[in-house]
Amino acid sequence: MTTEEFRKYAHELVDWMTGYMDNIEKYPVKSPVKPGDIINQLPDEPPVKPESFQAFMKDFEEIIMPGMTHWQNPNFFAYFPANTSPPSILAEMIMSTLSAQCMIWETSPAAAELEEKMMNWLRDLIKLPKNFEGVIQDSASTATLAAILTAREKATDFRINDEGTVNAPRLRIYCSEQTHSSIEKAVKISGIGRKNLVKIPVRKDFTMDVQKLREAVESDKKAGFVPCCVIATLGTTGTTAMDPLKPIGRICGENGIWFHVDAAMGGTALILPEYQWMLDGREFIDSFVFNPHKWMFTSFDCSAYFVKNPAYLIKTFEILPEYLKTRTRGSVNDYRDWGVPLGRRFRAMKLWSVIRMYGVEGLQDKVRGHIRMARRLAEMIALENDFQILAPVTINTVCFRFRPAGAVEEDINKLNETLNHRLNDTGKIYLSHTVLNGVYTLRMVTGQTNLRMEHVEKAWDLIRKTARTL
Ligand SMILES: Cc1ncc(COP(=O)(O)O)c(C=O)c1O
């Protein structure tokens, strides 16, 4: 493809992109296709001769688009959002054109230094202490894996990295029953073993029961285990519960335990002064992750991972083959040493673009608006006798169920599952669910970039009316 052809197609593509954004609500939010529908339309063999851009776009429209779920549709209320925004997309276009591989400072000094500056901006925006330093990871799962590996190495004086786990102490990791599955995955991968992940019961509001954590740590110590890392969550996946950092951190401090905070979703709320209470106890934190790719309008993937002492992180991950030796080593940040992959995308670009083009106030307005929408939704639900709110609404997620008068408890779970599928099959909205204390719970997250109050009101109307037809 010549650059002239590229220019022509790229312009066409920008028209396609804006058309998509303008018409996003016309697409079914959740793709209605069945398993195999897409793969069966694709040829088994790759083309031998070059094909045209037009042929490629035709197949994209006809085969691929029907199989897409539209996360940027404002009626996407499922899971947690994976938001983007025009400033982020523009930055992705630049990143994609430069296609720099930013593994070390020398392979693109601007990428390393912009990343350092963006992490400082974010750190100050969410008001982590000034002595924290940050690095962009692809996902919160990777950041949590980095935290657990670092905690493992610190607890064993960096011996497992050298000797493996054969003579290692039995390490213990702690999190609440409501933490995200990425913690369990990281514990498995780390070699610590899933059986050494202690899931602490939660209180009525789904936050970690701190007394139970204390008891677990004490009893483990007596039994000869070594408590290694506690993971608290700000914004649990099920209900966005906020674990109380201060008392948890105090236990970590008293016992020399690494304290990691998973704020994948909730962290963005910290840009609001009125949500700074969530970070009470910050002085105890060793590492902290939040996802601008969830709620800060920055395209997937972009996870901000902060550590109080990068030396531990770097010592856990660094390797120095001959071909990566540079003259600047030691005087700059070589982010390849700050996580699992060697190769790194230039993700700082999209943060720079988003933060500049929204401005801090613009980001705050948007996040506040989403929180207002969740509160409004909860108010509307509370007005209906045949619906029930099932968890406190802390930021942008409302957990509820349909509970018609006279229905038998055993039937209500099935009823709500049917309601969830019925709603999602309309293509008009997309909700997901969790189970709380055995109760099938519908979750509605008001964090999508393009969401406005009228979408929430319309969605609620559809939910109410559909439920009453069941
Ligand atoms: C609390 C929490 N932590 C971690 C994750 C995993 O995020 P990622 O997809 O960035 O690994 C999620 C995903 O929703 C989450 O809700």
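**Exercise 1. The ligand site**

Determine how far a polar side-chain atom of serine 141 lies from an oxygen atom of the ligand in this predicted model, and describe the surroundings of the ligand.

*Solution.*

Step 1. In this predicted model, the distance between a polar side-chain atom of serine 141 and a ligand oxygen atom is 2.5 Å. With a cut-off of 3.5 Å between N or O atoms, this pair counts as a polar contact.

Step 2. Histidine 293 places a polar side-chain atom 3.3 Å from an oxygen atom of the ligand. For lysine 294, a polar side-chain atom is likewise found 3.3 Å from a ligand oxygen atom.

Step 3. Turn to the exposed area. The ligand taken alone exposes 390 Å², of which the protein buries 87%.

Step 4. List the shell. The ligand is surrounded by 13 residues, and the closest are Ala140, Ser141, Thr237, Asp262 and Asn291. By class, the shell comprises three nonpolar, eight polar and two charged residues. Helices α5 and α10 (292-295) each contribute at least two residues to it.

**Exercise 2. The seven-stranded sheet**

Establish the strand order of the open sheet of seven strands, and explain why one side of β1 and one side of β3 are left without a neighbour in the sheet.

*Solution.*

Step 1. The order reads β1-β7-β6-β5-β4-β2-β3, and the pairing is mixed.

Step 2. Strands β1 (133-137) and β3 (197-200) occupy the edges; each has a single partner strand, so one side of each lacks a neighbour in the sheet. From one strand to the next, the twist averages 20°.

Step 3. Examine one pair. Strands β5 (residues 258-262) and β6 (residues 287-290) run in the parallel sense and are joined over three bridges. Aspartate 262 has valine 289 of β6 as its bridge partner. Asp262 is also among the closest residues to the ligand.

Step 4. Add the helices. Helix α5 (residues 140-155) lies across β1, β2 (171-176), β4 (226-233), β5, β6 and β7 (303-307), at about 175° to β5. Helix α9 (residues 245-255) packs on the sheet and touches β4 and β5, its direction making about 155° with that of β5.

**Exercise 3. The four-stranded sheet**

Identify the order and pairing of the open sheet of four strands, and state which helices lie across β9 and β11.

*Solution.*

Step 1. The strands follow the order β8-β9-β11-β10 with antiparallel pairing.

Step 2. At the edges stand β8 (387-389) and β10 (432-436); each has a single partner strand, so one side of each has no neighbour in the sheet. The twist here averages 40° from one strand to the next.

Step 3. Strand β10 pairs with β11 (residues 439-445) in the antiparallel sense over five bridges. Within this pair, histidine 433 stands opposite leucine 442 in β11.

Step 4. Helix α12 (residues 348-382) lies across β8, β9 (397-402) and β11, at about 20° to β9. Helix α13 (residues 409-425) lies across β9, β10 and β11, at about 35° to β11.

**Exercise 4. Backbone geometry**

Assess the peptide bond from phenylalanine 300 to aspartate 301 and the phi angle of threonine 240.

*Solution.*

Step 1. Begin with the general expectation: most peptide bonds are trans, and most residues other than glycine have a negative phi.

Step 2. The bond from phenylalanine 300 to aspartate 301 is cis, with omega near 10°. Aspartate 301 is located in the loop between α10 and β7.

Step 3. Threonine 240, although not a glycine, has a positive phi of about 60°. Threonine 240 belongs to the loop between β4 and α9.

Note on methods. Residues numbered from 1 in each chain as written. Predicted model: local features only at pLDDT ≥ 70, side-chain atom pairs only at ≥ 80, totals over all residues. Heavy atoms only, no water. Pairing = 2+ DSSP bridges. Axes fitted to C-alpha atoms, helices over the stretch in contact; angles between N-to-C directions. Contact = heavy atoms within 4.5 Å. Near = heavy atom within 4 Å. Polar contact = N/O pair within 3.5 Å; in protein donor to acceptor, adjacent residues only side chain to side chain. Areas by Shrake-Rupley, 256 points an atom, 1.4 Å probe, with all protein chains shown as cover. Nonpolar A, V, L, I, M, F, W, Y, C, P; charged D, E, K, R; others polar.
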